[in-house]
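Q: Please take a close look at one part of the structure shown here, and describe in connected prose how its elements are arranged and what packs against them.

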Amino acid sequence: MFDSLLVANRGEIARRVIRTARRLGVRAIAVHSEADADLPFVTEADEAVCVGPANPALSYRNVEAILDAARSTGAQAIHPGYGFLSENADFARTVERAGLVWVGPGADAITAMGDKINARNLMAAAGVPVAPGTTEPAADLDAAVTAAAEIGYPVMVKAAAGGGGMGMGVAADEAALRTEYDKVRAFAERMFGDGSVLIERYFPRVRHVEVQILGLADGRVVALGERECSVQRRNQKLVEESPSPAVSAELRARFLAAAVRAGEAVGYRNAGTVECLLDPTTQEFFFLEMNTRLQVEHPVTEYVYGVDLVEEQLRVAAGLPPTFDPDALAPRGHAIELRINAEDPKRFLPGPGAITTWNEPSGTGVRVDSGYVAGNTVTPFYDSLLAKLIVSGDTRAEAVERARAAVAQFEVAGPKCNLPFFAELLENPEFRSGDYDTGIVSRMR
């Protein structure tokens, strides 16, 4: 194992990686913007370096500043967390050219899966189910209209270079497609520097289920179960749980086998997630995308499989075997994660501000991965995530009840907070039954 690690991220995920690194005796180095100087991840690191002003383009996405911080502190490895530069293949290559260890998949795998059309085609060739859709970008609006007519409405209009629920629109007919195509293309050019658009079949009632994979140092790819991610607003996740209440043992076996094939198809190493759409009526599932990084929701997998995924990431990057037996992976119990955001609980609009009260819940089966404490200020420059509330139990019912109690105990004052939404969700009969889909939040509103 290397003896020093620079964490090229902020907030709760930086704090999370630092915690595991220090437990393993690895010197943890934080980088931070001027706006984040007082956050817990900075003070908890063994060493911290300011890499620029609040604007992430000048700090957390500033490759040269991050590499300079690594050189000046003697870091041997870089963990990118999620977001920012985590799925930037050029950054991964630059890190390795600098003689540092990149804690993530190889740049070629990031490139292969970063383009949604290329990824779809690779997965189809590997025998992974994909939804009906274009095999190359829709070059213009006429091409999009022709493709949609062949696929059948409704269709999803997606940015080929997008991810994280961004750059997507639904069209129920040609008139809507003409509007959505221009909107998605303009957004993709602005956000990703690539206006390529693909057209896929849209499923009005669908569940979002993903599989955690880990490419081991010996070349083997293993799957650590599935996560249900169907509680979403604006195509972005709010709640994740594992195992999925919609997945039978037979369906799970198919999901995991497909995810392993997906990883093997690109020679995957380190942690990654294969995201799929599940038709609850037919029990068919289709590849959506692969996230070539650690996911926000990784803690639910950690609970159910009894592993520290960050430790496993570090071991793979160092060329070491896993701490677990790959042939004896088996889920145990149930875990749920709630994303506590600084946002309005009704319309989900961001609401930054100074934190005047911060009291975290505790107790059996309760874990909080937070990025803030009382006295910190939530600024408007970054994602609105404040903390992740993770609960576990022997059964789903027990986990839900622990989540209800933990939400009631969690106190946050100052910025806006979506805790009241979770109190409502955990009383919702549809969610409590486990028979829900990606439309549950809109039905609650």
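**The open sheet and its surroundings**

A: Eight strands form an open sheet in the order E13-E12-E9-E10-E11-E14-E19-E17, with antiparallel pairing. Here strands (E, at least two residues) and helices (H or I, at least four) are DSSP runs numbered from the N terminus, and two strands pair if DSSP finds at least two bridges between them. The model is predicted, so that local features need pLDDT of at least 70 and side-chain atom pairs count only at pLDDT 80 or more, while totals for chains, interfaces and linings use all residues. Residues are numbered from 1 along each chain as its sequence is written, and side-chain values use heavy atoms, leaving out hydrogens and water.

E13 and E17 are the edge strands, each pairing on one side only. On average, neighbouring strands of the sheet are turned by 25° against each other, direction ignored; axes are lines fitted to C-alpha atoms, for helices over the stretch in contact, and angles run from 0 to 180 degrees between N-to-C directions.

At one edge, E13 (residues 284–291) contains phenylalanine 286. This residue is buried, with a relative accessible area of 12%, where buried means under 20%, exposed over 50%, and partly exposed in between (1.4 Å probe, protein chains only). Among the residues that Phe286 touches are Pro129, Val130, Phe203 and Leu277, contact meaning heavy atoms within 4.5 Å.

Further along the sheet, E11 (residues 236–242) is joined to E14 (residues 334–341) by four bridges in the antiparallel sense, and glutamate 241 has isoleucine 336 of E14 as its bridge partner. Helix H12 (residues 396–409) packs on the sheet, touching E11, E14, E17 and E19, and its direction makes about 140° with that of E19.

At the other edge, E17 (residues 366–370) pairs with E19 (residues 385–393) in the antiparallel sense over five bridges; valine 366 has valine 391 as its partner. Val366, Val368 and Ser370 point one way from E17, Arg367 and Asp369 the other way, and all are buried.

E19 also supplies six residues, the largest share, to the largest nonpolar core. Such a core is a set of buried Ala, Val, Leu, Ile, Met, Phe, Trp, Tyr and Cys residues joined through side-chain atoms within 4.5 Å. Of its 76 residues, Leu5, Val231, Ile340 and Leu389 touch the most other members. The contacts of leucine 389 include Ile340, Val366, Val368 and Phe410.

Key: Lists of a residue's contacts leave out its neighbours within four places in sequence.
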